[in-house]
Amino acid sequence: MLNLKKEIYKKFFFTLVGVFVVLFSLAYFLLKDLLLSQLNPQHDNIILIMDSYNTIWAEILIAFVMLGTVAFLYIKRLSDTLLEDVQHLSEYMQAINNKNYEAIIQIQHYTEFLKIALIFKNLVKRLKKKEKK
């Protein structure tokens, strides 16, 4: 079995880095070839133009790293809230398993988990009635 938290981070990280490396490399080298093919080799400003070109790509890299960091923090926050609700559901199911039918579940973030909790509550009512008989 895989750990959900580790899987989310791993897939996000490898997807983000993989897409960036492919797109960055492809764009950098294609544009560099295009730029060099348009310049006259006798042109004195070739070094200045290539320095400017590399500076622009360094700025693009910095912007991507910043956006990637923001996206990673958002995914981490999303994952933490998701895991919190899953933990509440797990604790509630464990309480039901221990025949503690008065247990309280506290879903705080996602309506999907709230719907599951309501189904469990209805199930608990039925189990409680069955046990009384």
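How are α2 and α3 oriented to each other, roughly parallel or roughly perpendicular? I took this as the opening entry, and I note at the outset that the model is predicted.

**Entry 1. The pairing of α2 and α3**

I looked up the two helix axes. Helix α2 covers residues 46–97 and helix α3 covers residues 111–132. Their axes come within 11 Å and cross at roughly 5°. Angles under 35 degrees count as roughly parallel, and α2 and α3 are therefore roughly parallel to each other.

I then listed the residues that meet. From α2, I recorded Leu82, Asp85, Val86, Leu89, Tyr92, Met93 and Ile96. From α3, the partners are Phe113, Ile116, Ala117, Phe120, Lys121, Val124 and Leu127. Sorted by class, this contact has twelve nonpolar residues, two charged residues and no polar ones.

**Entry 2. The two sides of α3**

I checked the length of α3. The helix has 22 residues, and its first and last C-alpha atoms are 32 Å apart, close to the expected 32 Å.

Which residues of α3 are buried? I found Phe113, Ala117, Phe120 and Val124 to be buried in α3. They lie on the same side of α3, because they cover an arc of only 60° around the axis. The spacing is as one would look for, since an α-helix has 3.6 residues a turn and residues three or four places apart point the same way. I noted that α2 is included in what covers the buried residues of α3.

I turned next to the opposite face. The side of α3 turned away from the buried one carries exposed residues, namely Glu112, Lys115, Ile119, Lys125, Arg126, Lys129 and Lys130.

**Entry 3. Helix α2 along its length**

I compared the span of α2 with expectation. Its 52 residues should span 76 Å at 1.5 Å a residue, and the end C-alpha atoms are 74 Å apart, which agrees.

I also looked up the buried residues of α2; among them are Met50, Tyr53, Trp57, Gly68, Ser79 and Thr81. Asp85, Leu89, Tyr92 and Ile96 are also buried, and these four belong to the α2 residues that meet α3.

Is histidine 88 of α2 buried or exposed? At 19% relative accessibility, histidine 88 counts as buried, because the cut-off for buried is under 20%. Leaving aside its neighbours within four places in sequence, histidine 88 is in contact with Ile105, Gln106, Ile107 and Gln108.

Methionine 66 is likewise found in α2, but methionine 66 is exposed, with a relative accessible area of 54%. I recorded its C-alpha distance to valine 17 as 13 Å, with the two positions 49 residues apart in sequence numbering.

**Entry 4. Lysine 99, after α2**

I examined the loop between α2 and α3, where lysine 99 lies. Lysine 99 comes just after α2 and takes a positive phi of about 65°. I marked this value because most residues other than glycine have a negative phi. Lysine 99 is exposed, with a relative accessible area of 54%.

**Entry 5. Two residues of α1**

I looked up leucine 35, which is found in helix α1, residues 4–38. Leucine 35 is partly exposed, with a relative accessible area of 24%. Which residues does leucine 35 contact, leaving aside its neighbours within four places in sequence? I found Ile49, Met50 and Tyr53, of which Met50 and Tyr53 are buried residues of α2. The C-alpha atoms of leucine 35 and methionine 50 are 8.8 Å apart, and the two residues are 15 apart in sequence.

Lysine 11 is also found in α1. Lysine 11 is exposed, with a relative accessible area of 55%. I recorded a C-alpha separation of 24 Å between lysine 11 and serine 90, which are 79 residues apart along the chain.

Methods: Residues are numbered from 1 along each chain as its sequence is written. This is a predicted model: local features need pLDDT of at least 70, side-chain atom pairs count only at pLDDT 80 or more; totals for chains, interfaces and linings use all residues. Side-chain values use heavy atoms; hydrogens and water are left out. Axes are lines fitted to C-alpha atoms, for helices over the stretch in contact, and angles run from 0 to 180 degrees between N-to-C directions. Angles under 35 degrees count as roughly parallel, over 145 as roughly antiparallel, 65 to 115 as roughly perpendicular and the rest as oblique. Contact means heavy atoms within 4.5 Å. Ala, Val, Leu, Ile, Met, Phe, Trp, Tyr, Cys and Pro count as nonpolar, Asp, Glu, Lys and Arg as charged, and the others, Gly among them, as polar. The expected span of a helix is 1.5 Å times one less than its number of residues. Buried means under 20% relative accessible area, exposed over 50%, partly exposed in between (1.4 Å probe, protein chains only). The arc is that of the directions from the helix axis to the C-beta atoms.
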